[in-house]
Amino acid sequence: MIEDIWTVMWKEWHEYAAGGGSGRGRGLIGVLIIIGIVSILLPFQLVRQGNSWVDSPLPVLIDGVYLPFTILLNVIADSFAGERERHTLETLLASRLSERAILFGKVGAATAYGLVLALIAAALQLVVANLAGGFGFYPAGTIIAIVVLGLLFSLLAASAGCLISLRAPTTRQAQQILGIGFMVLIFVPIILIQLLPASAQAQILTWLNTTAPGTIFALLVAGLVLLDAILLAIARLRFQRAQLIGS
Amino acid sequence: MSDVAIRTRHLTRDFGPVRAVDDITFEVPAGIVFGFLGANGAGKTTTIHLLLGLLEPTAGGAEVLGCDIRTQGRQIREQTGALLEFTGLYERLTAGENLEFYGRVWHMPAAERQARSQELLTHFGLWDRRDDRVGTWSRGMKQKLAVARALFHHPRLVFFDEPTAGLDPVAAASLRDDMAALAAREGVTVFLTTHNLPEAERLCNLVGVIRQGKLLALGAPDQLRAQTGSPRVEVVGEGFGESALAALRARPEVAQAALENGHLLIDLHTTPGASQPKAAPLVAALVQAGAQIEEVRRGQASLEDVFLSLMEDDRAQTQVPASQEAAR
């Protein structure tokens, strides 16, 4: 099973690296532009304005949350819908690989891809910040947060993406659904908080101010782990050879 | 090891109201090339999907290499290879990477993957292009690579779904020869669907003809020709006018007489147990009608004629009850 998952990951990474063609090729250039902007321009500007990059919450928000979603949007939308469009899915399903190995291989490849690029971005930001004069290194808490959140948000994006890509007829449609889904994920909580009565908003703020950051982080991690597990389980249930062949 | 590679029993598959495969029963002995012939939408690809355990039958069942298609799909796919409707190649990867991936899928050791890759790519004349991205290749080269991929892990049974479709005649002939040589050398059972009837005639030991999901005929090409195809006389010459054709058609032993590319083709009636009608009276009738004969050949209908005749017979049979129903 592990060997099969690894085989699928091997194939996915080779396809990411090959780029070109539709979807992923353009996505790779887009990813490099995004990483360039957030890893060079942002830390450079922040340090030049006299602020510290390594002590700010920005590395965690950008590398742990924003980048995994942005990077994986194109890659994961292509996972099943792209194979269906390019007529490679049927042959893959006719192989000895189990549904679990194919699904987890694709999710694993995308998760690792998102996390590694996020870590590369974090390292590049550190170099740029130091070159710009903001000498220092990330505190241990920031490194842990980038790694853990980067992993969990990459897994979230990969699981949600696979789930949508399984049924989407084209990569473009899967990208659109995923894009809307991520917007909802970001904006709905903000809008909901705005809609709460002032007293409730004050209570939330008080709770955030009085609770230890470690506790908030642990709750966030627990929530993400639960969400990832639910999405993966749904994707596993929806991945049926007969349905994919018949679709 | 069983000497039957595929055994189906009343295999049936519906897609909503449409019956794609209708009560099919047949056996394919191990080690032969089995041709599954039928028009587009006849149910050939659905049958392959069923036999690979990718689809569940609505009714009936089948065993492939001794494994039940309902419960042992994984075991079937472990022992089989497939070139389905599309090549299924990853066009952004190189030929070597495509084979490497499927070698890993079948848990082949690295040294064996490398050796097998070299063996097959050399056999198909693709070794020098192994580092090219497959997307840059011609259709014929891709088909060859897809055949190599299907055979890469030494499967006991391989499914080829119209492997020469869309290829030019030279590429198709080349692929056909390579495929036949490789299948024979490796002793693999081949399940081949094709539109190309001369191809089936040349490659297949056993042929099944399917129409609208129903198996119309099953047998060796020679058997089918003998059962279904009428004896034929081909006459080369000049002066085959309407009077000559009318004289032939008036004879009781003549089923049909028509001109094709300047040659006169005469299909004859046969009576079970009786000897075949003689050609000499036909030639005499033609000469009497003013034709000049240069050459007379006796022969039998091709597999293509048999196929068309089966299609026509089945169409007629299915139309009669429908018209009777309408009349009621």
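B:Ala258 is partly exposed, since 13 other C-beta atoms lie within 10 Å; a residue counts as buried with 20 or more other C-beta atoms within 10 Å of its own, as exposed with 12 or fewer, and as partly exposed in between, the C-beta atoms being placed from the backbone. The model is predicted: local features need pLDDT of at least 70 and side-chain atom pairs count only at pLDDT 80 or more, whereas totals for chains, interfaces and linings use all residues. Residues are numbered from 1 along each chain as its sequence is written, and chains are lettered from A and ligands numbered from 1 in the order in which they are written.

B:Ala258 belongs to strand S12 (residues 254-260) of chain B. Its C-alpha atom is separated by 9.9 Å from that of B:Leu248, ten residues away along the chain. Helices (H or I, at least four residues) and strands (E, at least two) are DSSP runs, numbered from the N terminus.

Chain B as a whole contains eleven helices and 14 strands. Its C-alpha atoms fill a box of roughly 75 × 55 × 35 Å along the principal axes. Of the 328 residues in chain B, 43% are buried. Among contacts in chain B with a separation of 6 or more, 71% join residues 24 or more positions apart; a contact requires C-beta atoms, placed from the backbone, within 7 Å.

Two residues other than glycine have a positive phi, one of them A:His87 and the other B:Leu65.

| Residue | Phi | Loop | C-beta neighbours inside 10 Å |
|---|---|---|---|
| A:His87 | near 60° | between helix H3 (58-85) and H4 of chain A | 15, partly exposed |
| B:Leu65 | about 50° | between strand S4 (59-64) and strand S5 (67-68) of chain B | 22, buried |

Within chain B, helix H3 (residues 95-105) packs against helix H5 (residues 139-151) at an angle of about 25°, the axes lying 9 Å apart. H3(B) is therefore roughly parallel to H5(B), a term for angles under 35 degrees. Axes here are lines fitted to C-alpha atoms, for helices over the stretch in contact, and angles run from 0 to 180 degrees between N-to-C directions. The contact involves B:Ala95, B:Asn98, B:Leu99 and B:Tyr102 of H3(B), together with B:Leu145, B:Ala148 and B:Arg149 of H5(B). These residues divide into five nonpolar, one polar and one charged. Ala, Val, Leu, Ile, Met, Phe, Trp, Tyr, Cys and Pro count as nonpolar, Asp, Glu, Lys and Arg as charged, and the others, Gly among them, as polar.

In chain A, helix H9 (residues 213-238) has 26 residues and should span 38 Å at 1.5 Å a residue, which agrees with the 37 Å between its end C-alpha atoms. The expected span is 1.5 Å times one less than the number of residues. The buried residues of H9(A) are A:Asp228, A:Leu231, A:Leu232 and A:Ala235, and their cover includes helix H5 (99-131) and helix H6 (140-167) of chain A. Helix H8 (residues 198-210) of chain A, with 13 residues, reaches 18 Å from first to last C-alpha, close to the expected 18 Å. H8(A) is hardly covered, its count of buried residues being zero.

Between the chains, 24 residues of chain A are in contact with 24 residues of chain B. Helix H1 (2-18), helix H4 (89-93) and helix H10 (241-246) of chain A each supply at least two residues of the side that touches chain B, and H1(A) gives the most, with seven. That side of chain A comprises seven nonpolar, ten polar and seven charged residues.

Terms used: Two residues are in contact if their C-beta atoms, placed from the backbone, lie within 7 Å. Angles under 35 degrees count as roughly parallel, over 145 as roughly antiparallel, 65 to 115 as roughly perpendicular and the rest as oblique.
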